[in-house]
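Here is a short tour of a protein fold, written for someone meeting it for the first time. Have a look at the picture, then read on.

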Amino acid sequence: MSDKLIFETANFTAEQASGYRLPGYVIVQLKPLGTHLAALTPEQSAELMTCLAEAERLVQELVEPERIYLMKFGEMVPQIHFHVVPRTAALAAAYQAEVDDDPPLNGARVVAWLWDRHASLGHTDAELADFATRARASAAPG
């Protein structure tokens, strides 16, 4: 089992993102090959919603962000996956120190900024692993 894995169901995994250095940045991904939501069975669709809700709950409980962004792109990785991104007050402050964007913030711009600067925010491997460990312990049984 990956140290980043938070929970797994029959069709989905939820992991602390390894490509983005932000504790609580979770990727919920379909395990079987699939690129379009319309191709999911009704059961898989329901399971996906349960997984997204659980990932959001864990991020809210453990990170306590001001906002949580949920996104699906499929540009670099076409496999169905969602980004669950905590936008904390600290992240907003770092963003606003560099970008002229008064509240309410533009979430898409915040995420684009985060992707460019996540490595410089100072989050350690230990913080990422700690989030994954605490989330695993708090996750509802799948």
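Which residue in strand 2 is the bridge partner of Leu 5? That partner is Glu 15. Before going further, a word on the basis: this is a predicted model, where local features need pLDDT of at least 70, side-chain atom pairs count only at pLDDT 80 or more, and totals for chains, interfaces and linings use all residues. Residues are numbered from 1 along each chain as its sequence is written, and side-chain values use heavy atoms, with hydrogens and water left out.

Let's start with the sheet. It is an open one, made of 5 strands in the order 1-2-3-5-4 with antiparallel pairing. (Strands are DSSP runs of E, at least two residues, and helices are runs of H or I, at least four residues, both numbered from the N terminus; two strands pair if DSSP finds at least two bridges between them.) At the edges sit strand 1 (5–8) and strand 4 (67–71), each pairing on one side only. On average, neighbouring strands are turned by 15° against each other, direction ignored; axes here are lines fitted to C-alpha atoms, for helices over the stretch in contact, and angles run from 0 to 180 degrees between N-to-C directions.

Now zoom in on strand 2. It forms a hairpin with strand 1, with 3 residues between them, and the two pair in the antiparallel sense over 3 bridges. On to strand 3: 5 bridges join strand 2 (residues 12–16) to strand 3 (residues 26–30). Here are some facing residues:

| Residue in strand 2 | Residue opposite |
|---|---|
| Glu 15 | Ile 27 in strand 3 |
| Thr 13 | Gln 29 in strand 3 |

Strand 2 is mostly covered, with 4 of its 5 residues buried (buried means under 20% relative accessible area, exposed over 50%, partly exposed in between, with a 1.4 Å probe and protein chains only).

What about the helices? Helix 1 (residues 42–63) packs on the sheet and touches strands 1, 2, 3, 4 and 5 (81–87), its direction making about 20° with that of strand 5. Helix 4 (residues 125–138) lies across strands 1, 2 and 3, at about 30° to strand 1.

Finally, meet Thr 9, in the loop between strand 1 and strand 2. Why does Thr 9 count as buried? Because its relative accessibility is 15%. Leaving aside neighbours within four places in sequence, Thr 9 is in contact (heavy atoms within 4.5 Å) with Lys 31, Glu 47 and Cys 51. The side chains of Thr 9 and Glu 47 are joined by a polar contact of 2.4 Å; such a contact is a pair of N or O atoms within 3.5 Å, where within protein one must be able to donate a hydrogen and the other to accept it, and residues adjacent in sequence count only if both atoms are side-chain atoms.
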